[in-house]
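Me: I would like to go through this structure step by step, with each answer reasoned out before it is given. Let us start once the sequence and the model are in view.

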Amino acid sequence: MTTQGLLPGMAPEVEVLLDDRARGCRVTYERGFLAPSLAERWMVDLARELPLACEVPVMFGRPTPVRRMSCGIGDRGLRYRYSGVERVAHPWPAGFAALLDRLEARTGARFSFALCNLYPDGEVGLGWHADDEHDLVRDAPIASISFGATRDFKLREGRSGSACMTVPLESGSLLVMEGTLQRHYQHCVPPRLRCQEPRLNLTFRVMR
Ligand SMILES: O=C(O)CCC(=O)C(=O)O
């Protein structure tokens with residue numbers, strides 16, 4: 001895949017959306033982290049090349065098929081287990097070395113794995129959860145790059161209650177969750193029935 005548009009000169013402003021100093025965590029957002037034409041091309045290439053498969057997570061104790069598709073990509077031999085699903089790393093696509101370098105410069109983390117989620121349309125979302133699984137290095141940053149349809153990302157404190165923040169994640173944007181965020185907050189991508197376009201998201205993680 002082409003890496004044109006990944007040049008450091010592209011980096012625009014970083015917005016701090018949440019700065020919870022008492023708990024040592026924050027969330028930042030960078031619109032236009034990837035050039036729009038690059039984001040568009042990668043969306044098509046990734047959806048075509050990656051072995052995306054529908055998930056059957058265990059919800060309320062029962063395997064429940066969902067229309068969201070996912071797959072893991074990353075360093076050889078890594079696997080990620082969550083909600084009864086296991087994703088074994090498919091090799092990084094061509095062009096990702098430069099992306100990983102750029103994410104490292106931006107976050108200080110060398111990501112070893114990314115979970116790819118494909119939402120075919122706005123009926124499909126992802127429920128409240130924290131990325132706090134055993135396979136992840138605790139408190140390492142998680143970097144999320146979005147492609148395609150803009151979808152809301154919500155954040156809430158604790159494990160119940162309403163959202164304290166809603167961010168429309170635009171194509172080519174980078175959202176970074178840092179510090180102890182996964183211990184104290186949950187996030188979700190709620191359904192948006194009016195949205196008919198697909199969206200693809202990559203969350204880069206540091207595995208144990
Ligand atoms: O699609 C997104 O923006 C969020 C994905 C997510 O929360 C996850 O992979 O854990």
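Reply: Before we begin, one term is needed: two strands are taken to pair if DSSP finds at least two bridges between them. Please also keep in mind that this is a predicted model.

Me: With that in hand, which residue of E14 stands opposite Tyr29?

Reply: Strand E2, residues 25-30, pairs with E14 in the antiparallel sense, and six bridges join the two. E14 itself covers residues 174-179. Within E14, the residue that stands opposite Tyr29 is Leu175.

Me: E2 also pairs with strand E1; which residue in the hairpin of E1 and E2 takes a positive phi?

Reply: E1 (residues 15-20) and E2 run antiparallel and are linked over five bridges, and Asp19 has Arg26 of E2 as its bridge partner. Four residues lie between the strands of this hairpin, and the positive phi, near 75°, belongs to Gly24.

Me: And in the hairpin of E7 and E8, which residue takes a positive phi?

Reply: Strand E7 (residues 79-82) and strand E8 (residues 85-90) run antiparallel and are joined by four bridges, with Val88 in E8 as the bridge partner of Arg79. This hairpin has two residues between its strands, and the one with a positive phi, near 50°, is Ser83.

Me: Is Phe60 buried or exposed?

Reply: Phe60 sits in the loop between strand E4 (58-59) and strand E5 (62-63), and its phi is near 50°, a positive value in a residue other than glycine. A residue needs 12 or fewer C-beta neighbours within 10 Å to count as exposed. Because Phe60 has 5 such neighbours inside 10 Å, it counts as exposed.

Me: How does Asp139 count in the same terms of burial and exposure?

Reply: Asp139 also has a positive phi, here near 70°, and it belongs to the loop between strand E10 (126-129) and strand E11 (142-148). Since 15 C-beta neighbours lie inside 10 Å of Asp139, this residue counts as partly exposed.

Me: Is Ser171 buried or exposed?

Reply: Ser171 is placed in the loop between strand E13 (165-169) and strand E14, yet beyond four places in sequence its contacts are Pro36, Ala39, Ser146, Phe147, Gly148 and Thr150. Its C-alpha atom is 7.9 Å from that of Ile145, although 26 residues separate the two in sequence. The cut-off for burial is 20 or more C-beta neighbours within 10 Å. Ser171 has 21 inside that distance and therefore counts as buried.

Me: What distance separates the C-alpha atoms of Gly108 and Ala140?

Reply: Gly108 lies in the loop between helix H2 (96-107) and E9, and with 10 C-beta neighbours inside 10 Å it counts as exposed. Ala140 is 32 residues away from Gly108 along the chain, while their C-alpha atoms are separated by 9.5 Å.

Me: Which element gives the largest share of the largest nonpolar core?

Reply: This core has 42 residues, and those that touch the most other members are Ala114, Cys116, Ala143, Leu175 and Phe204. Ala114, leaving aside its neighbours within four places in sequence, is in contact with Ile73, Gly74, Leu202, Thr203, Phe204 and Arg205. The largest share of the core, six residues, comes from E9.

Me: Which residue classes make up the shell around the ligand, and how many residues fall in each?

Reply: The ligand is surrounded by Leu115, Asn117, Leu126, Asp131, Ser144, Phe153, Leu169, His187, Val189, Asn201 and Thr203. Strand E9 (113-119), strand E15 (185-189) and strand E16 (199-205) are the elements that each give two or more residues to this shell. Sorted by class, the shell holds five nonpolar residues, five polar and one charged.

Me: Taking the chain as a whole, what is its radius of gyration?

Reply: The chain has three helices and 16 strands, and its C-alpha trace spans about 45 × 40 × 40 Å along the principal axes. Among contacts between residues at least 6 apart in sequence, 73% join residues at least 24 apart, and 32% of the 208 residues count as buried. The globule rule gives 17 Å for 208 residues, and the chain comes close to that value, so it is as compact as a globular protein of that length, with a radius of gyration of 16 Å.

Key. Residues are numbered from 1 along each chain as its sequence is written. This is a predicted model: local features need pLDDT of at least 70, side-chain atom pairs count only at pLDDT 80 or more; totals for chains, interfaces and linings use all residues. A residue is near a molecule or strand if its C-beta atom, placed from the backbone, lies within 6 Å of it. Ala, Val, Leu, Ile, Met, Phe, Trp, Tyr, Cys and Pro count as nonpolar, Asp, Glu, Lys and Arg as charged, and the others, Gly among them, as polar. A nonpolar core is a set of buried Ala, Val, Leu, Ile, Met, Phe, Trp, Tyr and Cys residues joined through C-beta atoms within 7 Å. Two residues are in contact if their C-beta atoms, placed from the backbone, lie within 7 Å. The radius of gyration is taken over C-alpha atoms; the globule rule is 2.2 Å times the number of residues to the power 0.38.
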